Structures are given as structure tokens and as C-alpha cells.
Amino acid sequence: MSETSSKPTRSGPLVIYVDDERPNRIVFEQSFTEFNVKAVSDGTAALELLEANDAAVLVTDMRMPGMSGEELLRIAKEKYPRTIRIVITAYSDVSPILRAVNEGLVARYIVKPWTRNEVAQVLRWACEAWTFGRDSAALHQRLLETERLATLGSMAGMLVHDLKQPLMSLLINIDYLRELADAAPMLREAIAQHQSLPSDKKHRLDEVVGELDSLTTDLKTSAVHLSDLVNSLRDMGRPRDGTAPALSATNPLPIVRHAMAVCQELAVAVRASIGYDGPGALPSVRMSATELMQVLVNVVANGAQAVAARGSPHGKVSISARPDGEMLELKVRDDGVGMPREVLDRAGTPFFTTRTEGTGLGIAQCQRLVGGAGGRFSIESEVGKGTTVTITIPVADSTAA
Ligand SMILES: Nc1ncnc2c1ncn2[C@@H]1O[C@H](COP(=O)(O)OP(=O)(O)OP(=O)(O)O)[C@@H](O)[C@H]1O
Ligand SMILES: [Mg+2]
């Protein structure tokens, strides 16, 4: 009688809901009567339930007094890994959510205010995934991975939406500043000709005006970079248009050369070299030039950065190409620092990065674009020796470019 007394009318896989606010718990329990929901007020009570039952789903708030949602999720992941973990939280909690998703602490997060339909759908998915998972651990894992990507995609969409407006005004204002800065030579002349101004003041004013041009250029570069990042985030959230790549036939060689030129500056700075070592003509591939460019620049830049991280000069990033029947194989090798196992395993998870200035979207983007074109993307790496990235893309036709 002890088990059933707490949930007399409900049956099915157990869903634990954790929220410190009583009204939220009542609403949740009453909204999802078709599920076997048990609501508790804190992490400790949730852990007791997890210990006593084989729970299917754990739904938790992030901000709670006492044990935080993150702490609870960490313990649950460690001790009850089969229970599917979901967060319900406000969008303003974006950094803990990202951390939680990236570390595999949660399969899904739901943004407040939620709708009944949305949550019911997620709960149904989670209960099914849990039930399937009892039979196949591999399937369970795959389902969770798919969900994590869906979560990140929708988060990316929200971020892009919020960033667009301020970014636009930043770009417009920088263009205006550019126009003002173009008057700098006139100002300098006026300052030079000013009779009554003491020379130290003249000097200072001249300095200030002199800075305008390069400052504006730097601002513009950073803003454009920011805008590119936002665009790549937006692309992550979008389902891929499967029809586009079939139509395009791209000659890869000019793109390879262009990607090398783009990364040249990076390489020169660390006295490394980038080279192409392959046939002088290659078959066209079924991928747009822009996408191939994005992929190659990301991979070559990663190679150059890995060579830079090694610290000694004369490193090399080399690109080779080999047509192989229906596919073209491109390899980008570097003799940089290489990746330890745990980095290699996580490279390609959106936002995973080990570089302070990295965004951790490069490899994820490459995988998405190459996969969307019907190709394959793989990485082999050895610490201290280097990394080889293999990109295989379907050729457009048998016609050589
Ligand atoms: N060629 C490489 N050699 C060594 N480590 C690499 C290499 N390529 C990627 N990595 C590792 O994988 C991580 C993820 O790479 P990814 O390109 O996705 O993101 P990032 O380079 O950190 O940031 P960005 O979004 O600017 O590309 C890197 O931070 C780095 O630790
Ligand atoms: Mg990168």
C-alpha cells in the first residue's frame, strides 16, 4: 500500500516534477493528469523519489533555494542515468541552460511560460524514449542526441531573434561614424592652422582625430564578425533545404585556393604554411560554393589554430584531394597540437570549444553542411602529432571541371 498511496489514480511511467513554488506544482499536476506525475518541492525530495522508483522522467526548475536544478541534474545523471532529464525554466537563464545541454545534463528544456500541448508532447516523447531505452540503450542514446540538437536549434533561433535589432543599429551607427571619420583630414588641417591653440592641445587634438579612422575600421570589422556569427547561429536553427545542393555544381579547386588565401594571414602570423597537394583538375561537387567555402575555411582555420597552439614555427596545414568514383575526398591535415580523446568526442557539439575566442560552432556547422549535401565528415587526431579531417562530397556529374 505504501507505493500506491501517493498516486492513487495515476499509472504509467513515473514523471517527477520539481518546483519550489506550490502554485506551479498544483498547475503542473492538474494539467497532465494523463501522466503519472509526482510533484515535489526540492531536489532532496526528488532524489528520494528517484532512489525509491525507476522513474522515467525528471522535470526540474533551474532556480531553486537549497539544491539548484543544475546540482540535482548532475546527481541524477550520475546515479540514475536512465531517467530522462528535462528543464523548465525562463529564457533569461540562458548560460546555465547551455551548460546543461552541452554537458548532456538535460535532453530538453522547456521555456516558461509553457503551453499544455508543448509540455504534453515533450512528456510523451520522454516516456516513449524511456520505454524504448529499456530495450535498447543505443536507441535511447540516439534519441537523446537528436533532442539535444533540437533544443540547441531552438535556442539559437531565440538568440538570433534577440540579437538582430541591436546589431542592426550598431552597423548603421558605425556607417555613420565612418562618414564622420572621413572628415578627419579636414579637421586635422583646421587644427594645424589654428593660431591661438597651445601646441600641447594641438598635439592632443591631432592625436584624437588621427585615431578616428582606424578605430572606425576596427569597429566595423568586429561588427561584421558579430553579424557573421549571428548568421551562422541562425543557420544552425534552420532545417536544411534539401533541394539546393542537388542543383549546384561547384568546381572545388578555386574554393580550395580561396579558403587557403583567407587563412593565410593566420598561418603567416605563426610562421606556418598552408599548401594544396593534389590534382590540377577536380570534378565538380554537389554543394554550393558558399557552403564548400564555409566548410573549408572552418577546417583550415582550425588546422592553422592548432599549429599556432603548438608554439614552434614551420608547422603545416595541407589540403589534398582525391576523386573516388561518385565522391570527391578532401583531406585537411595539420601537424598541430592534436586532440585528446575527450575533445575529439565532443568536437562538433554546438558551442563546445577549448579556445577562449572560439564559439564552438565551426565543426558543428561543417557536419551540418557536409551531411546536408549527402557527404561525410570525419576527424582523426593524435595529441602532439596532429589532426586529419576527411570530407567526402558527392560529385555533381562525371564531367570534370
Ligand atoms: N585541427 C584541430 N586540431 C586540434 N584541435 C582542434 C582542431 N579542430 C578543432 N579542434 C578542437 O575542437 C574544438 C571545436 O572546434 P570548432 O571549430 O567547432 O570550434 P572553435 O574552433 O573552438 O570555434 P569556432 O566556432 O570559432 O570555429 C576546438 O576548440 C578545438 O579544441
Ligand atoms: Mg573552429
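1. Cys-263 is buried, because its relative accessibility is just 2%; buried here is under 20% relative accessible area, exposed over 50% and partly exposed in between, with a 1.4 Å probe on protein chains only. Cys-127 also counts as buried, at 9%. Even so, the disulfide count is zero, the rule being a pair of cysteine sulfur atoms within 2.5 Å.

2. A word on ground rules. This is a predicted model, where local features need pLDDT of at least 70, side-chain atom pairs count only at pLDDT 80 or more, and totals for chains, interfaces and linings use all residues. Residues are numbered from 1 along each chain as its sequence is written, chains are lettered from A and ligands numbered from 1 in the order written, and side-chain values use heavy atoms, leaving out hydrogens and water.

3. Now the hydrophobic side. The largest nonpolar core (buried Ala, Val, Leu, Ile, Met, Phe, Trp, Tyr and Cys joined through side-chain atoms within 4.5 Å) has 43 residues, and Met-287, Phe-377 and Ile-391 have the most contacts inside it. Helix H11, residues 289-310, gives the most to this core, with eight residues. Another core lies apart from it, with 27 residues, including Leu-58 and Ile-97.

4. Phe-377 is worth a look: beyond four places in sequence, its contacts (heavy atoms within 4.5 Å) include Val-299, Ile-363, Thr-390 and Ile-391.

5. Thr-390 sits in strand S11, residues 386-400 (a DSSP E run of at least two; helices are H or I runs of at least four, both numbered from the N terminus). Thr-390 is buried at 7%, and beyond four places in sequence touches Phe-377 and Lys-331, among others.
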